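Colleague: I'd like to go through the charge pairs with you. Can we take the labels one by one and see what stands behind each?

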Amino acid sequence: MAADHQLHPSLSTAIEHLQDYDCTVEFVRSHFLVREGVRYNRQRNSNPILQIDRIDKTASRWKKVDVLVFNTGHWWTHGKTARGNYYKEGDTLYPQFDSTEAYRRALKTWARWIDKNMDPAKSVVFYRGYSTAHFRGGDWDSGGSCNGETEPTFRGAVIGSYPEKMRIAEEVIGGMRFPVRLLNVTKLTNFRKDGHPSVYGKAPAAKKKVSRRKQDCSHWCLPGVPDAWNELIYASLVLDPKPRSWKHH
């Protein structure tokens, strides 16, 4: 499984083996699905770069897996990626580049890797969409507010919105040889303004005063919204035909 923002920031890989089912669940932290790197200037100061034409270095772990769930999107709206000033393609380092076009090229890099390396007779591949931001008072770390919300919202601009990056994902997946299953959670999460950690994102043991001005309206509480995503994956695996190689299990 490759995911972006659903893992703890300090974890790059987490593995759990369920002995009763002889099943291993593995989480691999890959923000962009393409390779992150570092560039040093003449003063030996380092700057991060994103190589949009090279697959992430964790890709070797993706092979020979029965079910893979990929996701990227959330991190493409943050900081330098949104400003588009550290992308690399081949030997070309772009001083400025449109982040949406970079996302398109990165997703095509991922798609080519899947088409070349994965066998639909042996594996099922999901691409999970991402939840859009719906901060009313600013970004999540600069005034976003969702504390006190107890019910979903059924009106407002965010309900009818659909990000361009999800349209790109549909386009890229539609052109692939491998039959990737698109798990489109974007619209269903737009309703859930009540599901964020808000002011409760800090562990009590940290003994830190939680700011009501800077709230976490970016992630989801657990149990909560991501559980619905898992149920959709389970339903897809139950209802859709399995790869032929699974028949002996």
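Modeller: Sure. A salt bridge here is a side-chain nitrogen of Lys or Arg within 4 Å of a carboxyl oxygen of Asp or Glu. Keep in mind that this is a predicted model.

Colleague: What makes R104 and E171 a salt bridge?

Modeller: Their closest N and O atoms are 3.1 Å apart, and the cut-off is 4 Å, so the pair qualifies.

Colleague: And which parts does that pair tie together?

Modeller: R104 sits in helix α2 (residues 99–117) and E171 in helix α4 (residues 164–174), so the bridge links parts that are 67 residues apart in sequence.

Colleague: Why is R104 called buried?

Modeller: Its relative accessible area is 18%, and buried means under 20%, so R104 falls in that class. E171 comes out at 46%; partly exposed runs between 20% and 50%, so that is the label for E171.

Colleague: How do you know that D240 and R181 form a salt bridge?

Modeller: The N to O distance is 3.6 Å, and the rule asks for within 4 Å, so D240 and R181 pass. D240 lies in the segment after α6 (225–239) and R181 in strand β10 (residues 181–183), so this pair ties together parts 59 residues apart in sequence.

Colleague: Are those two partners buried or partly exposed?

Modeller: One of each. R181 has a relative accessible area of 16%, which is under 20%, so R181 is buried. D240 is at 32%, between the two cut-offs, so D240 is partly exposed.

Colleague: What about D194 and R192?

Modeller: Their closest N and O atoms are 2.9 Å apart, so they meet the 4 Å rule. R192 is partly exposed, at 29% relative accessibility.

Colleague: Which residues do shared salt-bridge partners join into one network?

Modeller: E89, E101, R104, R105 and E171. By this rule the count comes to 8 salt bridges.

Colleague: Let's turn to S198. Why is S198 called buried?

Modeller: S198 is at 5% relative accessibility, and the limit is under 20%, so S198 counts as buried. You'll find S198 in the loop between α5 (186–190) and α6.

Colleague: What makes the S198 and Q215 pair a polar contact?

Modeller: Their side chains come to 3.1 Å, and the cut-off for N or O atoms is within 3.5 Å, so the distance fits. Leaving aside neighbours within four places in sequence, S198 is in contact with C146, N147, Q215 and D216.

Note on methods: Residues are numbered from 1 along each chain as its sequence is written. This is a predicted model: local features need pLDDT of at least 70, side-chain atom pairs count only at pLDDT 80 or more; totals for chains, interfaces and linings use all residues. Side-chain values use heavy atoms; hydrogens and water are left out. Helices (H or I, at least four residues) and strands (E, at least two) are DSSP runs, numbered from the N terminus. Buried means under 20% relative accessible area, exposed over 50%, partly exposed in between (1.4 Å probe, protein chains only). A polar contact is a pair of N or O atoms within 3.5 Å; within protein, one must be able to donate a hydrogen and the other to accept it, and residues adjacent in sequence count only if both atoms are side-chain atoms. Contact means heavy atoms within 4.5 Å.
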